[in-house]
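Visitor: Hi, I'm new to this one. Can you walk me through it?

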Amino acid sequence: MSYIRKPAVSHPKLARNKLGLTARDYEGTVSTLCAGCGHDSVTAAIIRAVFELNIEPHMLAKMSGIGCSSKTPAYFVSQSHGFNSVHGRMPSVTTGASAANRTLTYIGVSGDGDSLSIGVGQFVHAIRRNLNMCYIIENNGVYGLTKGQFSASADIGSKPKKGLPNQQEPIDAVSTALSLGATYIARGFSGDKEQLIPLIQGALMHDGFALVDVISPCVTFNDHEGSTKSYKHTRQFYHHVVDADFVPPAEEIRAAYKEGSAMPIELHDGSKIVLRKIDQNYDPTSRARSFKFLRDHVNAGEITTGLLYINEERKEMHDLMGNIDTPLSEYPLEKLHPGNGELKKILSRYR
Amino acid sequence: MAKVNDVVVKIATVNGTGSASANGLLMKSIFRMGIPVVGKNYFPSNIQGLPTWYEIRVTGDGYQARSGRVDVMVAMNAQTYARDLAEVSPGGWLIYDSTWPRNRLLHRDDVTVLGIPLSRMCNEHFDGARARILMKNIAYVGALAALLAIDLKTITALLEQTFADKQHLIDSNMEAIRLGFDYANENFACPLPKRVAAMHGTNKHVVIDGNTAAGLGCLFAGATVGAWYPITPSTSLMDAFRSFCQKYRVDPETGKRTYCIIQAEDELAAIGMVLGASWNGARSFTPTSGPGISLMSEFLGFAYYAELPAVIFNVQRAGPSTGMPTRTQQADILSCAYASHGDTKHVLLFPADPGECFYMAQQAFDLADRLQTPVMVLSDLDIGMNDWMVPEFEYDEESVPDRGKVLSAAELEDMEKFYRYLDVDGDGIPYRTLPGTHPKGSYFTRGSGHTKFGAYTEDSAEYQEVLDRLLVKWETARRIVPEPDIEYSKFNKAAILTVGSGAGACKEAIDRLAEQNVALNYGRVRAFPFSEDVKKFIDKHEIVYIVEQNRDAQLRTLLIIDSDADPAKLVSLLHYNGMPINADFVVERVLAENSKGRAA
């Protein structure tokens with residue numbers, strides 16, 4: 001059986017968040033992924049991010065499709081509702097869920113197969129709608145559960161465990177999202193939790209579609225010499241261009257930033273993201289310049305990471321439509337039908 | 001002997017020329033004279049320039065099906081002139097635009113040809129190409145008014161209502177009516193023997209199409225989320241819902257919308273959105289047609305197993321594959337009943353007319369919420385896109401929508417622990433919770449194997465226990481779905497059993513067969529799974545004619561599978577050429593079966 005409950009013991013001195021919950025309260029069942037899987041590090045980063053954001057567990061909805069990545073919502077925040085849907089269809093389910101209740105926080109966990117192959121259509125259209133969600137792609141370049149076939153994010157020349165290197169153009173989630181007008185685009189690495197946690201926090205608090213593409217190596221099928229999605233390769237070509245610090249609402253920016261290197265951006269709820277430019281040539285608020293920079297670095301074989309693009313101006317799906325602020329699912333049914341008198345009026349047109 | 005109020009008028013035009021409004025005017029005028037009418041539109045899968053026909057059956061007897069006859073043909077399309085002339089019933093009339101010479105080689109002695117210079121008259125009286133084309137259509141309505149004795153005052157009142165404050169449009173339309181009306185009166189012996197006369201057969205009735213009625217049903221059912229991908233012939237359902245929402249779904253305090261309609265990127269996404277919304281507690285639906293059901297199948301199986309409500313309208317069209325998108329059929333019965341891989345089956349509702357589309361839309365939401373499963377409403381193009389005369393709808397304001405077993409925050413607070421898939425009441429329906437209600441209510445929704453407690457499993461016994469409990473739910477569904485429509489006399493040993501839009505043709509056929517001393521009982525299934533009464537109805541007869549509009553006898557197959565009916569007594573009468581079934585077909589086929597020795 002691959003369902004194991006963790007023992008419910010916690011240290012009395014564990015830190016508590018503003019809800020009085022400990023990080024243990026944000027954990028899930030024991031992971032059934034391979035030992036050393038990058039996804040488990042991402043799960044740990046999500047737990048930390050949600051705990052620090054003081055999100056009430058039952059107000060968080062965990063959405064996924066099918067694949068190794070899509071199993072992980074079972075491994076964090078057990079007290080949240082989870083929806084493990086069908087392969088590549090998590091974006092549509094989240095779109096409908098958001099349509100019914102816009103007050104929940106949505107976190108979707110997907111993989112490169114789930115989002116860039118079978119589900120690329122839904123990934124693309126969720127971006128177009130500017131669906132208000134944090135969309136994490138745990139990107140390892142292979143299909144794990146079916147034993148190591150290349151996915152659509154595999155780089156040209158990357159070697160499989162067996163067989164010939166990949167020759168097809170990879171789909172880069174980040175530049176795809178940028179070209180489609182996504183409003184928050186980040187890339188991280190499962191091996192760098194310090195960078196990843198604030199990226200996820202910003203994505204959760206961003207009002208609109210927030211992509212976090214995380215290079216998350218597959219230890220079983222894609223961590224060998226010649227693979228471009230291995231721990232070793234990622235560490236070697238890893239390029240921080242802009243890091244982000246997340247500052248909750250009503251808190252002061254305390255860190256001392258070097259003159260000219262910090263760029264605070266206020267989110268809709270009053271929290272702030274402080275961007276720290278590591279590469280001074282990078283401008284994460286310009287779509288055109290970001291695109292060129294990113295493509296140049298992709299072509300150079302570098303893995304650019306950080307908060308790569310942000311746009312807090314564009315409205316998210318509900319506001320584009322002019323929908324009520326409260327959940328549609330809670331609107332009283334008796335106020336939704338116009339009554340028999342109006343029915344008679346309507347029908348008079350059909351006489 | 002020609003009798004009053006028994007005439008079929010067929011108008012042959014080219015699509016995109018604005019003839020629809022002229023034909024609607026004609027049909028509604030007759031309806032407003034208190035005479036029952038049936039309107040059918042036969043149109044191509046095309047935007048402009050191909051042949052299209054509109055058929056109005058004036059039926060003082062109030063029959064619902066199309067007739068096989070054409071008494072008066074209005075041949076406005078030179079392209080189809082030959083076949084239009086050929087289609088006129090012996091003794092009938094053909095009206096054509098005599099501005100241009102007609103092909104005199106095509107001639108029938110048994111048809112009276114009436115030439116009216118419609119184009120010439122309209123060119124003389126109206127300016128601009130578009131106006132001339134539109135008014136030509138209105139002019140033939142005027143000519144028909146004279147020939148059939150349609151009340152001009154009724155036409156005037158309709159035009160005044162349609163164009164309201166646009167007096168110049170009322171004037172120009174009336175001028176065109178007059179042109180046709182006067183020309184017919186001056187040149188022909190009006191009215192024809194086949195004429196109409198005012199009666200009181202349409203009180204408390206409306207003329208409406210099924211898609212509009214279903215959209216209205218969704219409004220009254222409290223649906224808030226609609227996701228869809230445009231597909232003929234279902235598109236007008238969402239169009240109707242949207243237009244009702246624009247009027248009635250604006251929050252009075254904030255001026256914001258209390259509905260969310262999403263045009264999806266495909267049907268895969270449309271059903272995913274519906275499931276996400278219903279998981280979160282909104283009443284959500286998607287309208288589609290056969291190809292859409294094929295794409296939705298994976299998610300439908302998910303919804304069956306994860307037990308999520310969903311309402312799907314399948315406005316069926318002629319398959320297989322793209323088939324004939326603008327023609328009607330009932331050929332998705334089996335693919336809907338068992339949509340998706342694995343052991344899945346779904347609750348189906350079968351409306352017979354727009355009235356049932358309105359009521360069944362509401363029942364579908366109640367059943368989906370009650371049973372926590374997808375409910376598919378199987379309409380068809382004939383019901384969905386044609387105008388039917390049906391009794392005015394009523395909404396019972398005392399009725400309370402059935403949201404099913406959803407636990408409130410207070411109920412969860414009092415519970416020790418909540419388990420999603422536990423059959424507490426013995427009806428096979430577990431309790432569910434909505435995200436955001438209460439920390440105790442959280443659970444993991446999945447399409448993979450799960451235990452009755454909601455946990456992942458690959459254990460055989462735990463898996464099978466849930467699968468078997470779903471069958472208990474299926475039997476609950478059998479008890480609460482709509483009962484069949486039955487007209488039974490113990491003296492009859494044979495019966496017709498039909499579904500959906502076959503009702504009108506079958507009822508008319510039973511009347512006509514009775515005149516020939518062939519007495520049949522009538523039954524119509526209204527839902528799947530079949531209730532006990534369906535089985536009892538079959539058991540009471542020696543022979544049951546199963547009348548349905550598909551090639552493969554899908555309803556018959558389903559009856560054998562689900563109600564254990566004796567196949568030997570189920571005789572198929574199958575109509576599947578894409579046109580709506582009519583009484584002639586049923587009468588002829590029943591008589592043919594009788595002459596084979598299967599006497600009733």
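Guide: Let's begin with a term: two strands pair if DSSP finds at least two bridges between them. Helices (H or I, at least four residues) and strands (E, at least two) are DSSP runs, numbered from the N terminus. This is a predicted model, where local features need pLDDT of at least 70, side-chain atom pairs count only at pLDDT 80 or more, and totals for chains, interfaces and linings use all residues. Residues are numbered from 1 along each chain as its sequence is written, while chains are lettered from A and ligands numbered from 1 in the order in which they are written.

Visitor: OK, so how many bridges join strand 2 of chain A to strand 15 of chain B?

Guide: Three, and the two strands run parallel. Strand 2 covers residues 81-84 of chain A. As for A:Asn84, its bridge partner in strand 15 of chain B is B:Arg446.

Visitor: And how many residues does the contact take from each chain?

Guide: 60 from chain B and 50 from chain A, where contact means C-beta atoms, placed from the backbone, within 7 Å. On the side of chain B that touches chain A, helix 9 of chain B gives the most, with nine residues. By class, that side of chain B has 32 nonpolar, 16 polar and 12 charged residues. Ala, Val, Leu, Ile, Met, Phe, Trp, Tyr, Cys and Pro count as nonpolar, Asp, Glu, Lys and Arg as charged, and the others, Gly among them, as polar.

Visitor: Switching topic: which residues have the most contacts inside the largest nonpolar core?

Guide: A:Cys134, A:Ile200, A:Leu211 and B:Ala143, in a core of 262 residues. A nonpolar core is a set of buried Ala, Val, Leu, Ile, Met, Phe, Trp, Tyr and Cys residues joined through C-beta atoms within 7 Å. Buried means 20 or more other C-beta atoms within 10 Å of a residue's own, exposed means 12 or fewer, and partly exposed is in between.

Visitor: What does A:Cys134 touch?

Guide: Leaving out residues up to four places away in sequence, its contacts include A:Tyr106, A:Ile200 and A:Val212.

Visitor: Now just chain A. How many helices and strands?

Guide: Chain A has 11 helices and 12 strands. Of its 351 residues, 53% count as buried.

Visitor: What does the C-alpha trace of chain A span along its principal axes?

Guide: About 75 × 50 × 50 Å. Among contacts in chain A between residues at least 6 apart in sequence, 71% join residues at least 24 apart.

Definitions and conventions
Two residues are in contact if their C-beta atoms, placed from the backbone, lie within 7 Å.
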